[in-house]
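Student: Could you take a close look at one part of this model with me, and then connect that part to the rest? I would like to know how far I can trust what I see.

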Amino acid sequence: MKKAIITAMIAGVALGAAARDLVILHTNDTHSLILPDTDGKGGVMQRKAIIDSVRAANKDVLLIDAGDKVQGTLYFKFFKGDVEYPLQNMLGVDIAILGNHEFDNGLQALADKERKLKAERLSSNYDFTGTPAEGLFKPYAIRNIGGKKIGFIGLNIDPESIISQANYEGMGFKDVIETANNTAAFLKDKKKCDMVVAVTHIGYPKGNDKTTDPELARASKDIDIIIGGHSHTLIDPKNPGKYPCIVENAEGRPVLIVQTGKSGKYIGQIRVDLDRLKTSTPADYDYSLIEVTDRFPEERLDPKIRKFLQPFTDSLENVKSDVIGFASQDFLNDGRTGAFPNWTADFGSWYGNLVLDSLRQTDPSTPRLDFAIMNVGGIRNPIPKGKVTAGHILSTYPFSNRFVIMRIKGKDIIETLKVAAKKGGEAVSKEVTVVCDSDRNVERVLLDLKEIDPEKTYTVGTIDYVAWGNDDMKTMANGEWIYADEVEVCAPLIRYVKNLSRLGLPMSADPRPRFVYGLIED
């Protein structure tokens, strides 16, 4: 009886649903969160139990993933996708698109992994001709369900300044809106689809010059649903706030936009009455979020997944139990400024000067570091107060980035910090203060409380991803590299924490923001 009650709760109104309902389950940005977090949320086995329950209660169910299934925990750091891709097959994903992090190990690795997926792989606006991924992705898919034709298209983000260029070399990009409108019109007019679903990895809020889901919706005529990803936005139909799930298209008709946040802590559920498809609109579709918690008892969890995960989980135990230091406070990765970004950038300043001190032994003219800038997007997980393990550092800074020291003009630094300010801040070291007005326009950039000189050349520590001009910090690419580490940045970070511990010092950080907003009179 208890099992039946749980199944009914998860499926919502499923047990009393019309026979021709289509249920679309969707996820995005699960980011290698294989096990539940410390609050018992997420985890692939609980996710599978929910999906199985919905499938058991409904005839027509599709599971869709909107990209970034990888990167963010030790599972990807050590096993490079050998966990996440097989799990997508075990979950029974029907349609999948790429996120930007599927490119993290390059196009060859992407192709090798994606080729093993059983899901239909879609990309309408990436052209893989002449690359290792050629032929792996379709521009659209059509599913015949209950006498209705449902068309799906896959739309990916402009890779410039988001994906390291070497990781997508040779791939072509087509404009999101133009491609979407052309493909959706083709599906409606030529293929006679009754509904078109755009599965996207472009994001919801406006943070740069790239197209967003609301912009796509407003510019469209033939798209009914947008299943999104990339921005980690939790679109809650019960609490729309600044992220409404209904946006009018170019002809005034509603488009349903959905997204489930990140880390697989929610599954989205869209219920469409196929019998009323011609007389209803996307505003009539039933959209809800299912929270992934530890609600299912042990016996309801898939033993095949448990058996598959066991050797990988066992391999990580040594790293996860290797205590290297102590945190005197919670380090939260829930904002663009504050303690964790500050600590990360201050590490960069310390390490950069350590490197330069070493170089100065052979070249006395080697300058000292002026400051460091490290991208907030590289901080992937929180570190709780208490014992800090090597696993904490490796999963928090999982990317294969290397530390770089460069010479760069003040005017390029100022332009970079203007971009960062519009986003709400960035990880800059203690030497820097960025003074902004209430509209996030930069008024002053101070270095040791002195205005940065646009024409002066400064010595800056960062990571190669930023030094290449990525994460929208394009003017950083104007700098000249004078040093590049041979090891990933997590290695000196671990040494840094160990050194603090050896000195009897904990990880601690100044929480005061280094981007100061709203103190300037408009």
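Tutor: Let's begin with residues 11-18, where pLDDT stays under 50. This is a predicted model, and for that stretch it has 14 contacts beyond four places in sequence. Residues 1-9 also keep a pLDDT under 50, and the model has nine contacts beyond four places in sequence for them. Where pLDDT is low, the predicted coordinates should not be read in detail. So please treat the contacts of residues 11-18 with caution. The chain as a whole averages a pLDDT of 94, and 96% of the residues score at least 70.

With that in mind, let's visit some other parts. Aromatic rings make a friendly next stop, with a count of 20 aromatic pairs. One of them joins tyrosine 126 and phenylalanine 128, whose ring centres lie 6.0 Å apart. Their planes meet at 85°, which is over 60 degrees, so this pair is edge-to-face. Both tyrosine 126 and phenylalanine 128 are buried. Another pair, tryptophan 343 with tyrosine 496, is tilted, with 5.6 Å from centre to centre and 45° between the planes.

Now for the cysteines. Cysteine 193 has a relative accessibility of 6%, and cysteine 490 has a relative accessible area of 5%. Buried means under 20%, so cysteine 193 and cysteine 490 both count as buried. A disulfide is a covalent bond between the sulfur atoms of two cysteines. The structure holds zero disulfides.

Finally, let's look at some open space. The second largest pocket has about 300 Å³ of space. It is lined by 16 residues, and those closest to its centre are Lys188, Asp194, Asp224, Leu277 and Ser280. Sorted by class, the lining of this pocket has seven charged, six nonpolar and three polar residues.

To return to your question about trust, keep the low pLDDT of residues 11-18 in mind, alongside the chain average of 94.

Notes. Residues numbered from 1 in each chain as written. Predicted model: local features only at pLDDT ≥ 70, side-chain atom pairs only at ≥ 80, totals over all residues. Heavy atoms only, no water. pLDDT = per-residue confidence, 0-100. Contact = heavy atoms within 4.5 Å. 1 Å grid on protein atoms, 1.4 Å probe; cavity = no way out; pocket = protein on both sides within 12 Å on 5 of 7 lines; lining within 4 Å. Points joined across faces, edges and corners; volume = space filled by probe spheres on them. Nonpolar A, V, L, I, M, F, W, Y, C, P; charged D, E, K, R; others polar. Disulfide = S-S within 2.5 Å. Buried < 20%, exposed > 50% of the residue type's maximum accessible area, 1.4 Å probe, protein only. Phe/Tyr/Trp six-rings, centres within 6.5 Å; stacked < 30°, edge-to-face > 60°.
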